[in-house]
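Subject: Structure handover

Hello,

Please find the structure below, with its sequence. My notes on it come after.

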Amino acid sequence: MMNFSDLKSLVSLYETESLNIFIQKFSKFLKNLSINKFIIFKVEGVIAKPVINNGIEFNSFIDLSDIERDFVILEDVRLNVFDELLEANLILNLKYKNQFFYTVFIQEKLDNEIIDYLDMVMPSIGRKVYELVASKERLKAFIGYQQKIEFIKKARYILGLLEEDEILSKSLIFFMDTFSAEASLLKKGEEYRFIGLQENDLDEIFLEGESLKNYIDKSFDTVFIEGGISTNKYNIDNIFLIPLEAEQIKICLFNIKYDFIPDKEFAELISLILKIALENAKRLKDILKYKLEEQEINHTIEILNKFSRQKIDYEDENIIVTGINIPAKMAGGDYLEFRKIDNDYYFAIADVCGKGYSASILTVVLSTFSDLAFDKNDFVKKLMKLNKFLCEKNLDGRFITAFIAYFDKVSSCLYYQSFGHEPVFLLKKGKIVELDSEYLPLGISEEEYVVEKIKIDPGDTFFIYSDGIVEYIQYDEIKFKLKNNGKYEKNFVLNLYKELVKNKDTQRDDFTCMYTYFK
């Protein structure tokens, strides 16, 4: 009969929070039932490998293809695996539904009372294993997610650095952390930077008889080395060499731990981060070289900001429009425009990739287009010319997301086109209609455009915005606020800014939006 010790070991199983400890306790649980000859196998598909041997010598993997999958299998089994023979009088399966986690081969005859007891408790034990495996997988997924977040944070930090010397130093640490390396070096031109070793060590580390220093000098390919490494000073298991030929940079990592697979594609990805950071630093250095003194810079900012509306407050017998464009920095990369042209109304919002002066300069192009090139009778062709102009300028990866539209009073239609921009929300009779398209942002590739249009009824409102707002609020929350705004609220956009941006000094991105009510 089951005694107190059996019950205690069973309860202990259910209280376990670690899969590894659970298997150890399950082994003890079997021993408390006077089962002394058994092997616990971990199951992967139809293959099982032994993890606990108790009273049986057997070390091979086994194929479970021909083994039944019930919780308790009362059947004599003989398996010949290579030179080993495995016999069992009883098999237990730790499973949940169709998922099998462990199988136990028991090599002794058991009393019917014990078999009935096992038949009763194995389903709940299997479920407990499932819960532990699921918990472990969730933890693994969470850790993987956190690693990705940490990688992105570090990458953003590197990209945010402005001085070449600091970029190189921080990037070397970034590479080490990413690959969990024990030591590293970075060579730029003839200059070395080291973490964990010194320059004279390069002549004491050999790859197939050649000094590491010579190997680095003549190598121009990403390569992962695990064999043929010799040195009397260090214990080196592997070396990962990552060159950036155009920048005359070579990075060498020692004893990486494979947190990330050391493949060429991933190495090139993180190398690109360093490359972009260096290019940004060089570009900034070149720009600053020709910048004016502080007073002239401030004057430049004032001029640039004049090309984009900072505030819109307009009302006539047909329409009410309010809007704001508040840059995160002194010079913004968002563009906002509204104007009445004859009897029609022109709307534009755009977000230039990036921030600061260079992004703000591109808003001048959009302002010029609005002033000189906009023509509702040639709407599509003019937009295609604008895109072609930007593509031909080869903006070094910069592009512009935009929503450009005009409202034709005669037809009561809104004609519009969206270029990779956030969806515009049109509120019609209490329902939200999203206005967008599948066109690429401006400045990436030439495309043939077709203008979109939608009928506007009195009482309709629409809300256009840049991605700076999405830094603070989700799409569904924006829709909720629009639906619950009730009667048109003229201060909606300003109140939204005050609600979301608590401190101007910590504003994350340009905050730009326009709210329109059709009478």
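The notes cover two sheets, a helix packed on one of them, a pocket, salt bridges and two backbone angles.

This is a predicted model, in which local features need pLDDT of at least 70 and side-chain atom pairs count only at pLDDT 80 or more, while totals for chains, interfaces and linings use all residues. Residues are numbered from 1 along each chain as its sequence is written, and side-chain values use heavy atoms, with hydrogens and water left out.

Sheets

Helices (H or I, at least four residues) and strands (E, at least two) are DSSP runs numbered from the N terminus. Two strands are taken as paired if DSSP finds at least two bridges between them.

One open sheet has 5 strands in the order β10-β9-β16-β15-β13, and its pairing is antiparallel. Its edges are β10 (191-195) and β13 (223-225); each has a single partner strand, so one side of each is left without a neighbour in the sheet. On average, neighbouring strands here are turned by 15 degrees against each other, direction ignored (axes are lines fitted to C-alpha atoms, for helices over the stretch in contact, and angles run from 0 to 180 degrees between N-to-C directions). At the β13 edge, the antiparallel pairing with β15 (residues 239-244) runs over 3 bridges, and I225 stands opposite I239 of β15.

Helix α4 (residues 164-179) packs on this sheet and touches β9 (183-188), β10, β15 and β16 (249-254), contact meaning heavy atoms within 4.5 Å. The direction of α4 makes about 145 degrees with that of β9.

The other sheet is also open, with 3 strands in the order β12-β11-β14 and antiparallel pairing. Its edge strands, β12 and β14 (229-230), each pair on one side only. β11 and β14 pair over 2 bridges, and L207 has I229 in β14 as its bridge partner.

Salt bridges

The whole structure holds 19 salt bridges, each a side-chain nitrogen of Lys or Arg within 4 Å of a carboxyl oxygen of Asp or Glu. One of them joins R193 and D165, with the closest N and O atoms 2.6 Å apart. Because R193 lies in β10 and D165 in α4, the pair ties together parts that are 28 residues apart in sequence.

Second largest pocket

Pockets were sought on a 1 Å grid over the protein atoms alone: a pocket is an open set of points where a 1.4 Å probe fits, with protein on both sides within 12 Å along at least five of seven lines, and lining residues have an atom within 4 Å of a point. The second largest pocket has a volume of about 320 Å³, that is, the space filled by probe spheres set on the points, which are joined across faces, edges and corners. It is lined by 15 residues, of which E164, L278, A281, K282 and K285 are the closest to its centre. Two or more lining residues come from each of α4 and α6 (264-289), and α6 gives the largest share, 8 residues. The lining divides into 6 nonpolar, no polar and 9 charged residues (Ala, Val, Leu, Ile, Met, Phe, Trp, Tyr, Cys and Pro count as nonpolar, Asp, Glu, Lys and Arg as charged, the others, Gly among them, as polar).

Backbone angles

S34, in the loop between α2 (19-32) and β1 (38-44), has a positive phi near 65 degrees. E208, in the loop between β11 (206-207) and β12 (210-211), has a positive phi near 50 degrees.

Regards
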